[in-house]
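Could you load the model in your viewer and follow along? We will go from stop to stop, selecting residues as we go.

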Amino acid sequence: MIKKKTSNFYLCLTPLFAIFSGHKKQDSNILPMNDTDGDLNLISVDLVVDNKDSRYLESFKPSSNDFSLFFEIIPEEQARSTLIQIDNFGNRIDLIPKNISAISSIIEYGGNSITIINEPKSNKDEEFLILFSESDSQELYLFHPYKANDEPKKLVFKNKNNTDIGSNILKFSSGTVDKINEKVIMVCEDHTDKKKVLHYLVEINLKTNEMETIEKGNDFYAYPTLYQSKSTSTSTSLLAYIYWNFPNMPWDNSNVCIKDLKTNEIINISQGYEESVLNPIWSEFDDCLYFISDLNGYWTIHKYDLKTKKRSQVISSESINFKEIGEPMWYFGRSYYGFITPTKIIAALADYGLVIFNIETNQVEQIIRNQFSHVKSIVASPSLSTALFIGGSSTVMFSPIKLTYNSQSEKCEFKQLLKVKGGESITESMISKPIEIEFNTSSKSDGLIEKAFAYYYPPTFKNSSSTSPPPPPPLLVKSHGGPTDRAYSVLNFEYQYWTSRGFAILDVNYRGSSGFGKRYRKLLNSNWGLYDSADLVNAALYAVEMGLADKNKMFIDGQSAGGYATLCCLTFYDIFKGGCSYYGVADLERLFKETHKFESRYQDTLITEMKLDEPDGEWKKIYRDRSPIYHLDLLKSPIALFHGLDDLVVPFNQSVQMYNHLQSKGIPSILEYFAGEGHGFLSKDNIIKCLEYEYIFFCKLLNQSPIGIKYHNNNTILS
């Protein structure tokens, strides 16, 4: 059911042939390289793809200490997505049929594609039942993973009049189960009118397939979370959820609510507050709804007490060294904390570690930094005193991790459930560890001086040159996406691919990045294309000043918003020798006229409101001033462009438009596009091709021979 990926290659041949004809004298400062690996301790492209940081995306609440459940995307199987079971000995089992890929494409970025209806009591429990979104149709299927010969059963929805509802125009995410009534509540994205996509909360009866809308009217919903209790006199059924409305993104301003499903009464906990909220979790211990909020300047945990009808902050930012719990909601339903015991919370601190907090004493019990610097998708079971998460550090790639907590000793035991795939020959000396740097930055638009941050990865390639000390290395500056995403210090074999071949990496947390508090995140508001590109340039210049990079051998790449920043740096500055844009933005006005619903008003905050009824208004000048496509007279550096044909976030025409203009100006450029790929590449073949082509492209610009090319002959590029 997975579409086959194919690709096509465009090459601006004439100017490149003139530049790379091989008649230039080799620069004596270039690392001597050749086409064979020899004993160079290179990180292979296969190791990169098999251990992508996006391979493991979610963990599921543990129901047994004998095995764990995780969500995995498998690049070598054409990016098939599945639910996997891992036992304590590292044995992995795929729980979804091989011909099916289970992933939701809600808001195009997806999230929470699989809902566990009945938790497995053992790894042979035939009552174990899941509900998942099938990737191609986005339809929902029920399936018993442990039941022999069971086949996924498609849900055919009916309304109250017993009339079928077309399900192939709907997308679903984030199911929460009503066990009493055998129902599931989910976020639904309705594409009946493609020009007006709707979001609402629905309740699906798993016995009758009847689907009913239970909450609508806002632009977006997320994190439905059900709380049910029975007492001798009454029963309670409360639904917590998040919503937000245009022009806000969820990290700008959102609301957390509680709806009584019996009375339909709604409590808006965020009423009167300007905050970004996410990840509501009910606690039966104290009848409180816990949630993450940045009300006090940093994302941390707050709660609402059902008894007192009051909200309060649970974990202060000061107590966790001003590190954030949570991140921008680009991916639906991700969890950042849970209850490891009925009275203790375990939470992920962004690029810092873990914290255990006692809600009875209101004290931080411990901050754990020596195991995992960055954790995503952490869930916990208070009855098992166990947490599952996807974690990594500077020496451990993102991997499924099991944590067992001992209440008496207050100690944690960690177990990495799966090891590096194909990493048996990797030694410590082959791994470049990040060095955190802080530098001053300012934009020529206003001259204000701020602090910005980055991680520098020195090359591990040993230069055979007799020069002492060795010359500064070539530098590849990395521009993350979002732009509210962030760089983190977790082992990334893609970075190691470059450092093992003599390049240094500089991964920049420019102004607007998350993880540094609300103020830093909002510095980019109205300044997109200005502050981010200035910070990337200033980071590179700082590396040169510190002797960490050769000023004549600097490159830059980025994906999505990072691709836009890359194109801005190459267009409006003249310090990079070349660059690579992965599905980046060249024309801002065209982007926001064509992009999907989720980001269709993002520009209001990042730039300024598009006033289409004023076609010659000031807004148009601002958009054109910041769009690289209109300033190619300033551009001199060669560019490689990679894009997916199915990209609905940044349409493919952005790269085509850029490529055509580059070609008309005679600027060396290549365009590689991929059928079947959307906003972000998932197929192994495509990831390999992009990485090898980018490396070859930069080597050609340096007039040096690439090494360790396994799949794509360098003679096919720029020759």
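How much space lies in the second largest pocket? About 1,600 Å³. Keep in mind as you look around that this is a predicted model.

**Stop 1: the second largest pocket**

Select Lys 61, Glu 119, Thr 176, Thr 225 and Leu 226 to begin: of the 43 residues that line this pocket, these lie nearest its centre. Now colour the elements that give two or more residues to the lining: strand 2 (56–59), strand 6 (114–118), strand 12, strand 16 (220–230), strand 20 (277–283), strand 24 (337–341) and strand 28 (374–381). Strand 16 provides the largest share of the lining, with 6 residues. If you colour the lining by class, you should find 20 nonpolar, 17 polar and 6 charged residues.

**Stop 2: an open sheet**

Stay with strand 12, one of the elements in that pocket lining, and show its sheet. Here 4 strands form an open sheet with antiparallel pairing, in the order 12-13-14-15. Which strands stand at the edges? They are strand 12 (170–178) and strand 15 (211–215); each has a single partner strand, so one side of each is left without a neighbour in the sheet. Going from one strand to the next, the twist averages 35°.

Zoom in on strand 12 and strand 13 (residues 183–190), which run antiparallel and are joined by 7 bridges. For a marker, pick Val 177, which stands opposite Val 184 in strand 13.

**Stop 3: aromatic pairs**

Next, display the rings: the structure holds 46 aromatic pairs. Try Tyr 109 and Trp 330, where the ring centres are 5.2 Å apart and the planes meet at 75°; that angle is over 60 degrees, so the pair is edge-to-face. This pair links distant parts of the chain, 221 residues apart: Tyr 109 sits in the loop between strand 5 (92–94) and strand 6, and Trp 330 in the loop between strand 23 (310–313) and strand 24. Tyr 109 is partly exposed, with a relative accessible area of 23%, whereas Trp 330 is buried at 13%.

Now for a second pair, Phe 157 and Phe 172: their ring centres lie 5.5 Å apart with planes at 55°, so the pair is tilted. Phe 157 belongs to strand 10 (residues 157–158) and Phe 172 to strand 12, 15 residues apart. Are these two buried or exposed? Phe 157 counts as buried, at 0% relative accessibility, and Phe 172 is buried with a relative accessible area of 0%.

To see a cluster, select Tyr 109, Phe 220, Trp 244, Phe 246, Trp 251, Trp 330, Phe 332, Phe 598 and Tyr 602, which ring pairs link together.

**Stop 4: the cavities**

Finally, look inside. The structure holds 7 cavities of 30 Å³ or more, and the largest has a volume of about 120 Å³. Of the 15 residues that line the largest cavity, select the closest to its centre: Trp 528, Leu 591, Glu 599, Val 649 and Val 650. Helix 7 (588–594) and helix 8 (602–606) are the elements that give two or more residues to this lining. By class, the largest cavity is lined by 10 nonpolar, 4 polar and 1 charged residues.

The second largest cavity holds about 80 Å³ of space. Its lining consists of Val 48, Asn 51, Lys 52, Asp 53, Met 397, Phe 398, Leu 491, Asn 492, Phe 493 and Glu 494, which divide into 5 nonpolar, 2 polar and 3 charged.

Terms used:
Residues numbered from 1 in each chain as written. Predicted model: local features only at pLDDT ≥ 70, side-chain atom pairs only at ≥ 80, totals over all residues. Heavy atoms only, no water. Pairing = 2+ DSSP bridges. Axes fitted to C-alpha atoms, helices over the stretch in contact; angles between N-to-C directions. 1 Å grid on protein atoms, 1.4 Å probe; cavity = no way out; pocket = protein on both sides within 12 Å on 5 of 7 lines; lining within 4 Å. Points joined across faces, edges and corners; volume = space filled by probe spheres on them. Nonpolar A, V, L, I, M, F, W, Y, C, P; charged D, E, K, R; others polar. Phe/Tyr/Trp six-rings, centres within 6.5 Å; stacked < 30°, edge-to-face > 60°. Buried < 20%, exposed > 50% of the residue type's maximum accessible area, 1.4 Å probe, protein only.
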